[in-house]
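User: I am in my first year and would like to learn how to read a structure with care. Please take a close look with me at a single part, and then connect that part to its surroundings.

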Amino acid sequence: MLPYPHINPVGFHIGPIPIHWYGLLEIISFVIGTLWLIRRGRRPQWDWTKEQVLDLEYYLSVGAIAGGRAGYILWYDLPYYIGHPLDMLKVWDGGMSFHGGLIGVILGCWAYGRKQGRSTMKVLDFVAPAAPIGLGLGRLANFINDQLFGRVSHLPWAIIFPAGGPQPRQPSQIYEFLLEGVLLLVILVVYGRRPRPAGAVGSLFVVCYGLFRFLVEFTREPDIQLGFVWGRLDMGQILSIPMILAGLALLYWAYRGGFETPGSAHPGEGAS
Amino acid sequence: MRPAAHMPANAAPPPRRMGRFPLAIIILTTLYGLWAAVLSYRVVVKQQAVRHHLELALRTQPRHPFASARQARRYAREWLRRLEARYPQNPCGAGPAYRLASGRRRLPACTVVLIPQGHHIAIQAYDTQGQAMDTVFEGLNPPPRHL
């Protein structure tokens, strides 16, 4: 069994304002992701200006927050929010869903693409490799915050999380950091090095995230208000199944050239 | 509001209309999402009831060991009657909300089981899918009074 490191959730103070690791890591991932996208956008095959990247990030941020919150309300605790509708706006109290956030991000890509005359899937291809940075650091923040831990386990690397009671548990946040953060980043960067059909990088992100999340959920403590929802599957797995299937279908469609824009000068655009 | 970005001189041509294939995926995903929301709603309502049943059992669980195993079993039967008087109905369907441990391999969903173990009485709850719940974690996080 490994000891829980007891990292103070508050990283430091700026005057009287406590700066939490969670917020700090989110800001760090946002800055790193933005700088990376600006650098990537300069490549001739992408042709994105710095202003366009910043404009896109605005759309993506709104989409991720609105979608993430809507997804949590709809899929994780709808009876509560029907009884307390004003609490839907209390984003600061926690309660975001990745799957809802992804839908919000895709809608953001669609809205931005419409405005800029770019295809939704090509916008998704451009941003997808940067997403694991935020996802991975978000999971580290979950670990520091002593939340979203795993199920009871007696594996040698199980940890007693203070909020989880006296039993040792799977450090599922670390598994998620390694899979949805590190491994997914490596896969998308390596895959995106060569020119790929339009929509392929974004679709691969959807498939891989869905698969990794589905697997890690077997070690994660289900949300307490839900428990398991379908046999031994929890809501995270229920929502990851269509991601895997739809992602595979979109990948197939991408390789058939279904997302290529007629007359496009760049049939394959790479990530780096 | 952020300033609008400029259109690049060599921007890609406008995207063509969405094909049937992506449209079918969007429709199927939307229907699946709605199904998941309905499923979640139903599960949360039932799970909330099980959690209340479990909370009552945990709150009234005797803390000290009994003088004998027989006394523990007798207390468990009396305790079961008191619990059943408060919550007689299993939220997942027919049957009681509480049971005494039996030799059955599989217990119905949404059931709280009282298990006489020597001089003690343990508790194990089963969720809406009949999966064993983390009783310790539930004890640390009692359910809200109302949904």
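In which helix is A:D55 found?

Analyst: This is a predicted model, and what follows should be read with that in mind. A:D55 is found in helix α2 of chain A, the helix that runs over residues 50–76. With a relative accessibility of 2%, A:D55 counts as buried, because buried means under 20% relative accessible area. Sequence and space can both be used to place this residue: A:D55 and A:L245 are 190 residues apart in sequence, and their C-alpha atoms lie 31 Å apart in space.

From there we can turn to another helix of chain A. Helix α8 of chain A covers residues 200–216, and 15 of its 17 residues are buried, so α8(A) is largely enclosed by the rest of the structure. The length of α8(A) can be checked as well: at 1.5 Å a residue, its 17 residues should span 24 Å, and the C-alpha atoms at its ends are 24 Å apart, which agrees.

The next step leads to the contact between the chains. Helix α9 of chain A (residues 235–255) packs against helix α1 of chain B (residues 20–59) at an angle of about 175°, with the two axes 11 Å apart. Because angles over 145 degrees count as roughly antiparallel, α9(A) is roughly antiparallel to α1(B). Among the residues of α9(A) that take part are A:M235, A:I238, A:L239 and A:W253, and those they meet in α1(B) include B:F21, B:P22, B:Y32 and B:W35. Sorted by class, the contact of α9(A) with α1(B) has 16 nonpolar residues, two polar ones and no charged ones.

Last come the cysteines. A search of the whole structure finds one disulfide over all chains, and B:C92 and B:C110 form a disulfide, with their sulfur atoms 1.7 Å apart. B:C92 lies in the loop between α2 (69–86) and β1 (98–100) of chain B, while B:C110 lies in the loop between β1 and β2 (112–117) of that chain, so the pair ties together parts that are 18 residues apart in sequence. B:C92 counts as partly exposed at 29% relative accessibility, whereas B:C110 is buried, with a relative accessible area of 0%. In chain A, A:C109 is in no disulfide, and the nearest cysteine sulfur, that of A:C208, is 17 Å away. A:C109 counts as buried at 0% relative accessibility. A:C208 is likewise in no disulfide, and A:C208 is buried, with a relative accessible area of 11%.

Notes
Residues are numbered from 1 along each chain as its sequence is written. Chains are lettered from A and ligands numbered from 1 in the order in which they are written. This is a predicted model: local features need pLDDT of at least 70, side-chain atom pairs count only at pLDDT 80 or more; totals for chains, interfaces and linings use all residues. Side-chain values use heavy atoms; hydrogens and water are left out. Axes are lines fitted to C-alpha atoms, for helices over the stretch in contact, and angles run from 0 to 180 degrees between N-to-C directions. Helices (H or I, at least four residues) and strands (E, at least two) are DSSP runs, numbered from the N terminus. Angles under 35 degrees count as roughly parallel, over 145 as roughly antiparallel, 65 to 115 as roughly perpendicular and the rest as oblique. Contact means heavy atoms within 4.5 Å. Ala, Val, Leu, Ile, Met, Phe, Trp, Tyr, Cys and Pro count as nonpolar, Asp, Glu, Lys and Arg as charged, and the others, Gly among them, as polar. A disulfide is a pair of cysteine sulfur atoms within 2.5 Å. Buried means under 20% relative accessible area, exposed over 50%, partly exposed in between (1.4 Å probe, protein chains only). The expected span of a helix is 1.5 Å times one less than its number of residues.
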